[in-house]
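Subject: Handover of a structure

Dear colleague,

Please find below the structure that I am passing on to you. I should be grateful if you would keep it open while you read the notes that come after it.

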Amino acid sequence: MTFNDDSELQGGKVTRRGRGAAIGGGAVGVGAIVVFLIAQFTGVDLTGFIDGGGGTTQIQQEGGTVDAAAECRTGRDANLQIECRMEGAAESLDGYWTAESRKLGIAYTTPGFVLFDGSTSTGCGQASASTGPFYCPPDRAIYLDTAFYDDLQSTYGSSGGPLAQMYVVAHEWGHHVQQLQGTFANTDRSGTGASSGSVRVELQADCYAGAWVGDAATTKDADGRTFFEPITRSQVEDALSAASAVGDDSIQERSSGRVDPDSFTHGSSEQRQNWFLRGYQRGATACDTFSVPGSSL
């Protein structure tokens, strides 16, 4: 997915935190949550830790947090630099969900989006590069070490192009929308299996990501210019390659040579691709994974 070179980036959606920088304040502190259960790649299972929303933890500026996109001004910058691309994606996602949330009956707020190097403390525990991207509900923030994108290609086998990278962000943004909907609080994610609550949560986030991609070429900057050029089929395939690469069956096959559907937590490659395409083709209102029979997931 290619940004229009002359689209304008406002900045302020993405911050970068220095190595080991901490968080403090807010209604939910690090001391209240001492375990961080990481599932594969995206969608951290925080069922045992979520109290329905909590407060938003504030980031200490003196801990090394800065505006990650301070030098990013245009879509051309976003096409050339990863941090600017993250900023551009965040601005487009924020614009999309500001409008789309009304159709879903959500009181929308913008999530935090923190890039970090190596490791950082969060309201969900300590995160590292090996954690992968995740959304932390107590912080209402997305955390990402951009080094993960190298792993997305080398380890997971994705094409790793710009839309594959932005799919990762859009999926985590989808978790923020679910937090606002009350999905985390109302879904039992303690189980596993191809039709479990945890899988349904993840597939809905994939669908939400697809819904944004389907609309992304129409989202506009502050001056009314579209952020992106029209999306091509090959770029959609780029996102689908990422969705496939992080399917439970794909990960299990690579790691152990066998697939166990009863242990799925995120969905198969086929499921993840299908729900992404459903959102892409039909929009966010078509993303109700919870009313669909397990055999149709």
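The notes below describe one helix and its charged contacts, then a pair of helices, and lastly a contact between residues.

This is a predicted model, in which local features need pLDDT of at least 70 and side-chain atom pairs count only at pLDDT 80 or more, while totals for chains, interfaces and linings use all residues. Residues are numbered from 1 along each chain as its sequence is written, and side-chain values use heavy atoms, with hydrogens and water left out.

Helix H2

Helices (H or I, at least four residues) and strands (E, at least two) are DSSP runs, numbered from the N terminus. Helix H2 covers residues 82–104, which makes 23 residues. The expected span of a helix is 1.5 Å times one less than its number of residues. For H2 this gives 33 Å, and the 31 Å between its end C-alpha atoms agrees with that value. H2 bends by about 30° at threonine 98, the bend being the angle between axes fitted to the seven residues ending there and the seven starting there. Just after H2 comes glycine 105, with a positive phi of about 75°.

Salt bridges

Side chains of opposite charge can pair when their charged atoms come close. A salt bridge is counted here when a side-chain nitrogen of Lys or Arg lies within 4 Å of a carboxyl oxygen of Asp or Glu. By this rule there are nine salt bridges. In describing the partners, buried means under 20% relative accessible area, exposed over 50%, and partly exposed in between (1.4 Å probe, protein chains only).

One salt bridge joins lysine 13 to aspartate 94, with 2.8 Å between the closest N and O atoms. This pair links distant parts of the chain, 81 residues apart: lysine 13 belongs to the segment before strand S1 (15–17), and aspartate 94 to helix H2. Lysine 13 is partly exposed at 26% relative accessible area, whereas aspartate 94 is buried at 8%.

Another salt bridge pairs arginine 16 with glutamate 83, the closest N and O atoms being 2.3 Å apart. Here too distant parts of the chain are linked, since arginine 16 is in strand S1 and glutamate 83 is in helix H2, 67 residues apart. Arginine 16 is buried, at 13%, and glutamate 83 is partly exposed, at 23%.

Within H2, lysine 103 and glutamate 100 are three residues apart, so about one helical turn separates them. They form a salt bridge with closest N and O atoms 3.5 Å apart. Lysine 103 is exposed, at 60%, and glutamate 100 is buried, at 9%.

Elsewhere, a network of salt bridges links Glu8, Asp221, Asp223 and Arg225.

Helices H4 and H7

Helix H7 (residues 233–245) and helix H4 (residues 162–181) have axes that come within 7 Å and cross at roughly 55°. H7 has 13 residues and reaches 18 Å from its first C-alpha to its last, close to the 18 Å expected at 1.5 Å a residue. Among the buried residues of H7 are Gln235, Asp238, Leu240 and Ala245.

A contact of helix H6

Alanine 209 lies in helix H6 (residues 197–216) and is buried, with a relative accessible area of 0%. Its C-alpha atom is 7.8 Å from that of tyrosine 280, although the two residues are 71 apart in sequence.

With kind regards

Key
Axes fitted to C-alpha atoms, helices over the stretch in contact; angles between N-to-C directions.
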